[in-house]
Amino acid sequence: MFYNEIFDKNIFNSKLAIAYGFSKTGDYYILQSDIDVENFNVIVKIGKDSFEVNVIELPFNEEYVLFNVLDSKGKFVSKIRKKVNELIEDIVKNCFKSLDYRKILLEYVREKYGTIPEEPWKDNNHSTIKTPNTKKWYGIFMSIPYKTLGLDKNGKIDALNVKADPELIQKLIDKKHFFSAYHMNKKYWISIVLDSDVDLNLVKSLIDNSFKLVEKVKD
């Protein structure tokens with residue numbers, strides 16, 4: 001099973017991976033690890049923008065195919081998924097550098113506008129930013145499933161909604177980094193996926209533009 005979405009918010013560090021226990025074979029870094037489930041272990045294969053995990057049943061060294069069937073249920077396969085997820089989280093923590101664009105952009109608006117983000121809901125997935133005078137949102141950060149944006153990836157990604165002119169919105173939407181606004185007026189708002197390929201300077205300029213539109217500031 002592939003977990004390539006890990007690269008959307010993280011950068012792989014080969015030196016840290018070798019220190020963790022990976023070995024380099026050709027263009028890939030490979031780790032065979034025990035997952036504390038009797039007669040099962042995991043092979044993790046990391047390449048350029050690819051993160052592949054295979055669960056192996058011992059002693060026959062055969063792939064445990066139920067792990068790859070997302071709708072398969074049962075205590076045993078659920079236990080294996082839990083152990084694999086714990087291993088993946090540990091690998092990401094120790095072998096990757098995090099790209100926390102939400103943190104970077106919140107620091108940007110704090111320094112430029114004095115904006116202190118608010119978390120209006122208890123899910124901790126949303127951070128709103130308001131203008132000082134109108135007290136209206138000029139942006140909202142969210143952690144949303146890829147599939148809600150029509151992307152064929154598992155897991156969630158940070159996204160940012162900002163206000164923009166309708167003409168600009170139509171020019172920007174590419175269904176890769178820019179999308180029709182998620183849960184907001186699609187004519188005047190746009191959603192930006194904050195993955196590793198996004199142009200951070202462009203995002204900052206769109207935040208600035210949104211601030212001006214909401215606060216009714218003229219150039």
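About 490 Å³ of space lies in the largest pocket of this predicted model. Of the 18 residues lining that pocket, Tyr 3, Glu 5, Ile 6, Asn 85 and Ile 88 are the closest to its centre. The chain around it has five helices and 12 strands, and two open sheets of five strands give us most of what there is to talk about here, one ordered β2-β3-β4-β5-β6 and the other β8-β9-β10-β12-β11.

**The pocket lining**
- Helix α2, residues 75-95, gives the lining its largest share, at five residues.
- By residue class, the lining of the largest pocket splits into nine nonpolar, four polar and five charged.

**The chain as a whole**
- Lay the chain along its principal axes and the C-alpha atoms fill a box of roughly 70 × 35 × 30 Å.
- Out of 219 residues in the chain, 43% are buried.
- Take the contacts between residues at least 6 apart in sequence: 51% of them join residues at least 24 apart.

**The β2-to-β6 sheet**
- Pairing in this open sheet, ordered β2-β3-β4-β5-β6, is antiparallel.
- The edges belong to β2 (23-25) and β6 (62-63); each has a single partner strand, so one side of each has no neighbour in the sheet.
- At the β6 end, strand β5 (residues 50-57) runs antiparallel to β6, and two bridges join them.
- If you want a residue pair to look at there, Glu 57 has Glu 62 in β6 as its bridge partner.
- Helix α2, which also turns up in the pocket lining, lies across β3 (28-37), β4 (40-47) and β5, and runs at about 135 degrees to β3.

**Leu 31, a residue to zoom in on**
- Leu 31 sits in strand β3.
- Its relative accessible area is 8%, and buried means under 20%, so Leu 31 counts as buried.
- Setting aside neighbours within four places in sequence, Leu 31 is in contact with Tyr 20, Gly 21, Phe 22, Val 42, Ile 43, Val 44 and Ile 91.
- Ile 46 is 15 residues away from Leu 31 along the chain, and their C-alpha atoms are separated by 8.7 Å.

**The β8-to-β11 sheet**
- This one is also an open sheet of five strands with antiparallel pairing, but watch the order: β8-β9-β10-β12-β11.
- β8 (127-130) and β11 (178-180) stand at its edges with a single partner strand each, so each has one side without a neighbour in the sheet.
- Ignoring direction, neighbouring strands of this sheet are turned by 25 degrees against each other on average.
- Helix α3 (residues 101-113) packs on the sheet and touches β8, β9 and β10, with its direction making about 170 degrees with that of β9.
- Helix α5 (residues 200-215) packs on the sheet too, touching β9, β10, β11 and β12; here the direction makes about 40 degrees with that of β10.

**Strand by strand: β8 and β9**
- Four bridges hold the antiparallel pairing of β8 and β9, and Ser 127 stands opposite Phe 141 in β9.
- These two strands form a hairpin with six residues between them.
- In the hairpin turn, Lys 135 has a positive phi of about 60 degrees.
- β9 is mostly covered, with seven of its nine residues buried.

**Strand by strand: β10 and its partners**
- Six of the eight residues of β10 (residues 156-163) are buried, so this strand is largely enclosed by the rest of the structure.
- On one pairing, β9 (residues 137-145) and β10 are antiparallel over seven bridges.
- Along that pairing, Ile 144 has Ile 157 in β10 as its bridge partner, and Ile 140 stands opposite Asn 161 in β10.
- On the other pairing, β10 runs antiparallel to β12 (residues 189-193), with five bridges joining them.
- Here Leu 160 stands opposite Ile 192 in β12, while Ala 159 has Val 193 in β12 as its bridge partner.

Technical notes
Residues are numbered from 1 along each chain as its sequence is written. This is a predicted model: local features need pLDDT of at least 70, side-chain atom pairs count only at pLDDT 80 or more; totals for chains, interfaces and linings use all residues. Side-chain values use heavy atoms; hydrogens and water are left out. Buried means under 20% relative accessible area, exposed over 50%, partly exposed in between (1.4 Å probe, protein chains only). Two strands pair if DSSP finds at least two bridges between them. On a 1 Å grid over the protein atoms alone, a cavity is a set of points where a 1.4 Å probe fits but cannot get out, and a pocket is an open set with protein on both sides within 12 Å along at least five of seven lines; lining residues have an atom within 4 Å of a point. Grid points are joined across faces, edges and corners, and a volume is the space filled by probe spheres set on the points. Ala, Val, Leu, Ile, Met, Phe, Trp, Tyr, Cys and Pro count as nonpolar, Asp, Glu, Lys and Arg as charged, and the others, Gly among them, as polar. Contact means heavy atoms within 4.5 Å. Axes are lines fitted to C-alpha atoms, for helices over the stretch in contact, and angles run from 0 to 180 degrees between N-to-C directions.
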